[in-house]
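Let's take a walk through this one together, starting with a pair of helices and working inward from there. Have the viewer open and follow along.

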Amino acid sequence: MWLAVITVLIGLAILVWSADMFIDGATTLANSLGVPSFLIGVVILGLGTSAPEMVVSVLAALEGSPELALGNAYGSNIMNIALVLGTTALISPIIIHKSIVKRDLPLLLVITILAAWQLRDGQLSQSDGIILLLGLAAVLIFQIVMNLRSSRQEDKKIASKNNEHSENKDRQSAGIFRGLASLIIGMSILILSSRAIVWGAVELATFWGLSELIIGLTIVAVGTSLPELVASLSAARKGEHDMALGNIIGSNIFNTLGVVGLAAFIASISADPIILSRDVSAMALLTLLLVGLCVSAYISKRSFGRISGTILLLFFIGYSILLTQTFNR
């Protein structure tokens with residue numbers, strides 16, 4: 001047992017470090033190419049911080065533990081909104097823009113409803129996985145096109161400045177090289193540490209007599225949500241509010257469509273009925289709560305701050321208590 005515990009703890013530590021390297025590389029690369037901040041949050045940081053969940057879930061499916069992948073993805077979604085965004089808003093209030101309320105949050109809500117509908121019979125087939133992956137591709141294209149269109153004027157200004165100074169071109173090339181190097185190294189270490197976590201989590205689930213779903217919803221979900229927490233706090237403190245919120249929205253989209261989609265495509269998933277009644281319901285309710293809080297903040301022209309953060313953290317505490325009751329049964 002102790003070997004499994006040590007493996008999980010060391011794996012989580014390396015996972016966070018490697019994910020941080022991956023995010024830094026992605027951000028450097030995106031900034032060097034002049035990509036808008038919200039697009040960095042949704043696509044670059046969203047993909048980067050969801051990479052741990054994606055790798056863990058794929059490896060879990062390949063090793064015959066697809067339910068761990070499901071618990072990891074949905075547990076991470078709950079952690080992202082309740083714990084990560086709640087903590088971020090409590091420390092550094094977030095500005096809510098019109099595009100987030102009218103476009104990005106409704107998109108996240110629709111994706112969450114799709115996830116719940118697919119699990120209505122307790123099964124996720126390979127065809128369901130294909131639908132989710134196609135949905136992810138469509139969302140990525142939509143986000144890229146819409147964000148690049150809205151920031152076209154800003155990009156032109158950046159391009160004109162780069163043309164005026166030849167030194168900026170050299171810096172841009174160096175930034176692209178550093179970004180690619182960090183991406184490759186970070187992802188390589190990410191895969192190794194994620195594999196160690198999957199092994200340790202399954203061993204602990206067997207030893208303690210707990211289901212793989214519970215392990216995925218707790219130990220692995222919290223561990224793989226740490227990169228989102230670090231990235232969102234860092235972005236919010238630097239005044240990159242779009243990036244901070246975009247990171248959470250993008251990460252949850254990748255988790256629901258990409259992580260679950262890949263796992264289901266590799267191996268069909270038979271879900272425990274409790275995941276629909278408890279975890280998917282909690283994820284859907286939390287998403288609705290997020291939409292309501294963001295719309296309220298936008299209409300009242302207030303920031304998404306301490307009150308909203310406190311509400312989300314209280315939800316996290318309530319959900320944790322609910323999981324604790326499951327342990328005691």
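## Two helices and the core around them

H3 passes H10 in a left-handed crossing. Keep in mind that this is a predicted model. Helix H3 covers residues 66–91 and helix H10 residues 273–299; the two pack at an angle of about 35°, and their axes are 10 Å apart. On the H3 side, the residues in contact are Leu70, Tyr74, Asn77, Ile78, Ile81, Ala82 and Leu85. They meet Ile275, Asp279, Val280, Ala282, Met283, Leu286, Thr287 and Leu290 in H10. Sort the residues of this contact by type and you get 12 nonpolar, two polar and one charged.

Now zoom out a bit. The largest nonpolar core has 61 residues, and among those with the most contacts inside it are Leu70, Tyr74, Leu85 and Leu290, which also turn up in the contact of H3 with H10. Ile96, Ile253 and Phe304 complete that list of well-connected residues. Several helices give two or more residues to this core, including H2 (37–62), H5 (126–150), H8 (212–237) and H11 (306–327). Which helix gives the largest share? That would be H3, with 12 residues.

Ile96 is worth a click: leaving out residues up to four places away in sequence, Ile96 touches Val101, Leu245, Cys294, Ala297, Tyr298 and Phe304. Apart from this core lies another one, of seven residues, with Ala4, Val5, Val8 and Leu204 among them.

Next, hop over to Leu105, in helix H4. Is Leu105 buried or exposed? Its relative accessibility is 0%, so Leu105 counts as buried. With the same sequence neighbours set aside, up to four places away, Leu105 touches Ile100, Ile249, Leu290, Val291 and Cys294. Leu105 also sits 9.3 Å from Leu288, C-alpha to C-alpha, although 183 residues separate the two in sequence.

Finally, the charges. How many salt bridges does the structure hold? There are two. In one, the side chains of Asp104 and Arg103 meet at 3.6 Å, N to O. Asp104 has a relative accessible area of 0%, so it is buried, and Arg103 is buried as well because its 17% falls under the 20% cut-off. The other salt bridge joins Asp279 to Arg278, with the closest N and O atoms 2.8 Å apart. Asp279 counts as buried because its relative accessibility is 0%, and Arg278 is buried at 7%. That brings us back to where we began, since Asp279 is one of the H10 residues that meet H3.

Terms used: Residues numbered from 1 in each chain as written. Predicted model: local features only at pLDDT ≥ 70, side-chain atom pairs only at ≥ 80, totals over all residues. Heavy atoms only, no water. Axes fitted to C-alpha atoms, helices over the stretch in contact; angles between N-to-C directions. Helix = DSSP H or I, 4+ residues; strand = E, 2+ residues; numbered from the N terminus. Left-handed = near helix turned anticlockwise from the far one by under 90°. Contact = heavy atoms within 4.5 Å. Nonpolar A, V, L, I, M, F, W, Y, C, P; charged D, E, K, R; others polar. Core = buried A, V, L, I, M, F, W, Y, C linked by side-chain atoms within 4.5 Å. Buried < 20%, exposed > 50% of the residue type's maximum accessible area, 1.4 Å probe, protein only. Salt bridge = Lys/Arg side-chain N within 4 Å of Asp/Glu carboxyl O.
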